[in-house]
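The following exercises treat a predicted model. Each task is followed by a solution that goes step by step.

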Amino acid sequence: MAVGDSDKVRAYAAKLVEDARRKGETRITFRTGDISSRLGTQNATTSQALDGDTFSRQAVVKQIEYSGPPSRRGGNARFTFEILPVGDAIAPQDTLQENGLFTDTYVEENVEEYPASMNPTVEPSDSGDEDSLANHILERLRQLSPDQFEVLVGEYMKAKGFSDVQVTGKSYDGGIDGYCAVPFINVKVAFQAKRYAAGNSVGIDPVQRLQGSVSGGYDRGVFITTSSFTSTAIGWVEEAQAQITLIDGDELVRQMIDLGLGVRTIPVVRHEVDESFFADLENMR
């Protein structure tokens, strides 16, 4: 094992935990094969680096699940950790038997859904930079009601070039919010639109439900949210090779800016001296 590889793994994993904590996630799953490929380390080294109090203290997590090859630590092992608030004491490590491929604490009932009249007013930013514009658009999207956001997603799909876009909403019993098609070829696409608050990441359950709906008569699915997706949801799509495209709030806003959807360009008026005017005067008697 190369000197420092374990520290490198722990530092990288701690950064992923911190990113997940900022997104409001409460659990995170690591596959040693993914980290090893990323960092050029051995699977056994990665497994050892994640399995212990050193990593737990560094990342402020508690190990709640481990699954991997029964004969040895290493291989493409899977570790799941509970993300603890910074400053909490680290509970003793418990290595549990695998209860399932993925774990998730997402509860859909906890999603913040409040009337538009209760939403705070978003003041336009004085800054013209794209980051400020993106933040403003994202906050504006979160002011929409869930039904309004579904309509917005329908307009987004049209702007992306899809045809026959239909927003079905809650009246449709197919488990989706709308459907459309890829022009000129027989590809049917179902889409799901979730207007969630920033701290409510979309977990694995809604993504799997969309996959079930896609399997019932569509070729692909698109899941769009104003928040983000948990690492377990993203991991499941990759692992299962699900025919689902995930678009989080940041990506949605970036594409809206590129498409000019919900954005208008204001010409900048600048006054300067018209030298030709004065030159003509000077040439006159």
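**Exercise 1. Aromatic rings**

Task: State which residues are linked into a cluster by ring pairs, and describe the pair of Y179 and Y218.

Solution. Step 1: F30, F55, Y66, F79 and F81 are linked into a cluster by ring pairs. Rings of Phe, Tyr and Trp (its six-membered ring) pair if their centres lie within 6.5 Å; planes under 30 degrees apart count as stacked, over 60 as edge-to-face and the rest as tilted.

Step 2: Searching the whole structure gives eight aromatic pairs. One of these is the tilted pair of Y179 and Y218, with 6.4 Å from centre to centre and 40 degrees between the planes. Y179 belongs to strand β5 (residues 178-182), and Y218 to the loop between α7 (204-215) and β7 (220-225), so the pair ties together parts 39 residues apart in sequence.

Step 3: Y179 counts as partly exposed because its relative accessibility is 31%. Here buried means under 20% relative accessible area, exposed over 50%, and partly exposed in between (1.4 Å probe, protein chains only).

Step 4: F277 and F278 form an edge-to-face pair, 5.2 Å centre to centre with 85 degrees between the planes. F277 has a relative accessible area of 47% and is therefore partly exposed; F278, at 41%, is partly exposed.

**Conventions**

Residues are numbered from 1 along each chain as its sequence is written. In this predicted model, local features need pLDDT of at least 70 and side-chain atom pairs count only at pLDDT 80 or more, while totals for chains, interfaces and linings use all residues; side-chain values use heavy atoms, with hydrogens and water left out.

**Exercise 2. Helix α9 and its contacts**

Task: Determine how α5 and α9 are oriented to each other, and how α6 and α9 are.

Solution. Step 1: The chain has ten helices and eight strands. Helices (H or I, at least four residues) and strands (E, at least two) are DSSP runs, numbered from the N terminus. Axes are lines fitted to C-alpha atoms, for helices over the stretch in contact, and angles run from 0 to 180 degrees between N-to-C directions.

Step 2: Helix α5 (residues 130-143) and helix α9 (residues 249-259) have axes that come within 9 Å and cross at roughly 115 degrees. The two helices are therefore roughly perpendicular, given that angles under 35 degrees count as roughly parallel, over 145 as roughly antiparallel, 65 to 115 as roughly perpendicular and the rest as oblique.

Step 3: In α5, E130, L133, A134, I137, L138 and L141 meet G249, D250, L252, V253, M256 and I257 of α9, where contact means heavy atoms within 4.5 Å. This contact of α5 with α9 has nine nonpolar, one polar and two charged residues.

Step 4: Helix α6 (residues 146-159) packs with α9 at about 55 degrees, the axes being 11 Å apart. α6 and α9 are therefore oblique to each other. F149, L152, Y156 and A159 of α6 make the contact with L252, Q255, M256 and L259 of α9.

**Exercise 3. Positive phi values**

Task: Where does D164 lie, and is D164 buried or exposed?

Solution. Step 1: D164, a residue other than glycine, has a positive phi near 50 degrees. D164 is placed in strand β4 (residues 163-167).

Step 2: With a relative accessible area of 60%, D164 is exposed.

Step 3: F184 also has a positive phi, near 75 degrees. F184 is in the loop between β5 and β6 (187-194) and is exposed, at a relative accessible area of 88%.

Key: Nonpolar A, V, L, I, M, F, W, Y, C, P; charged D, E, K, R; others polar.
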